[in-house]
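Visitor: I would like a close look at a single part of this model. Please take one strand, its partners and what lies beyond them.

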Amino acid sequence: MPTLRDFLEKINIRARTSFDESMALHCSFGIGGPADALVRPLDPESAARLHAAARAEGLPLFVLGGGANILVGDRGIRGIVLDMGELDWVRVSPEEGGGALLAAGAGLGVDELCLEALCRGLGGLEDFAGMPGTVGGSAFMNARCYEREVSQVLSWVESAGPDGARARRPLDPNEWSYKRSPYQGGGARAGDLILGAAFALAPAEPAALAATMRARRADREHKGHYRLPSAGSVFKNDRSFGAPTGKLLDALGFRGRRIGAAAVSDWHANIFVNLGGASAADMRALIEAARDEARSRLGVELESEVLMVGEF
Ligand SMILES: Cc1cc2nc3c(=O)[nH]c(=O)nc-3n(C[C@H](O)[C@H](O)[C@H](O)COP(=O)(O)OP(=O)(O)OC[C@H]3O[C@@H](n4cnc5c(N)ncnc54)[C@H](O)[C@@H]3O)c2cc1C
């Protein structure tokens, strides 16, 4: 049976590769065992070729954006982790009426994208300032900040299918909803690789844009988003529960609860943090304890926003 090294040599792509590298270094929780092979393609063709070839060989492959929404198991990830971090290009094309399409590679950080928009006097992205993660990951998750969803500003997404064929598709609003995109399980393009996306932005006064972005970042700091390693909110909010998930977990006394070095933060019951050296097993146990108690004591079914990846 060919080894991963044989496979990666054979497909002849432009990429940086490391073996058995700790995933704790590649996600915001700072938790996780080694990836068999972490491959960072240097161009979109290489990314699409790697994605398609792994599929054809039946090799497991996980696509990594900024790692801001995942909990990686202590035993790590078998097969290939396709790290999109090098695909961070930006392009702008003017539109009629003074607006513009701001297109970016999947690996560009969302905060960098916001700064690009600001520098060009383009409005529409400022609510996302300070959110960790990449363009690709935020499209996959249909990330949402301050009542604004990524899909409300997206114009098109370019992706590669399982055969490596690339397509640029205009946004179909019917395919997107609260924290859901067609790239997630069950969606029309589940398993496809997002290579880039474009955002339809309107002309705006840079000073006003900068003020909103500063306010968003300050609010996140005030809410303790960057105080300790986390993946942001652990559970989705569901209006039918009558209160935000953080309030429900507060009512259950979860604030400050700990298993080992995995803890519910002292300042927000829906933000779980790594106090230093937390294991994935402990973090997952804490997440499951919250879900179980919400079910048994409040009769609500909490849906995890954080994705469990790899072997626990
Ligand atoms: C402090 C903090 C605050 C946060 N605040 C918010 C918030 O306000 N709103 C919000 O919605 N989220 C928030 N998050 C969560 C996170 O920032 C978002 O979900 C973000 O969009 C994840 O992007 P990522 O690139 O890190 O994705 P990752 O965590 O790397 O991946 C998430 C999923 O997307 C898939 N994926 C990533 N890139 C691609 C690609 N190119 N092609 C196909 N699939 C891909 C991965 O395979 C995985 O299934 C927060 C997280 C932190 C740590």
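Guide: What follows starts at one strand and moves out to the ligand. The model is predicted. The strand is β17, residues 271-274. Both of its faces are covered. Ile271 and Val273 lie on one side, and Phe272 and Asn274 lie on the other. All four are buried. This split fits a general pattern: in a regular strand, side chains alternate between the two faces of the sheet.

Now the partners. Strand β16, residues 262-264, pairs with β17. The sense is antiparallel, and three bridges hold the pairing. Ala262 stands opposite Asn274 of β17. The two strands, β16 and β17, form a hairpin, with six residues between them.

Strand β14, residues 230-233, also joins β17. These two run antiparallel as well, with two bridges. Here Ser233 has Ile271 of β17 as its bridge partner. So much for the pairing.

β14 also leads to the ligand, since this strand supplies at least two residues of the shell around the ligand. β3 (61-64), α4 (135-141), β9 (144-145) and β13 (193-203) each do likewise. The most comes from α4, with five residues. In total, 32 residues surround the ligand. The closest are Gly65, Gly133, Gly136, Gly137 and Gly232. By type, the shell holds 18 nonpolar residues, 13 polar and one charged.

To retrace the path: β17 is joined by two bridges to β14, and β14 contributes to the ligand shell.

Key
Residues numbered from 1 in each chain as written. Predicted model: local features only at pLDDT ≥ 70, side-chain atom pairs only at ≥ 80, totals over all residues. Buried ≥ 20, exposed ≤ 12 C-beta atoms within 10 Å, placed from the backbone. Pairing = 2+ DSSP bridges. Near = placed C-beta within 6 Å. Nonpolar A, V, L, I, M, F, W, Y, C, P; charged D, E, K, R; others polar.
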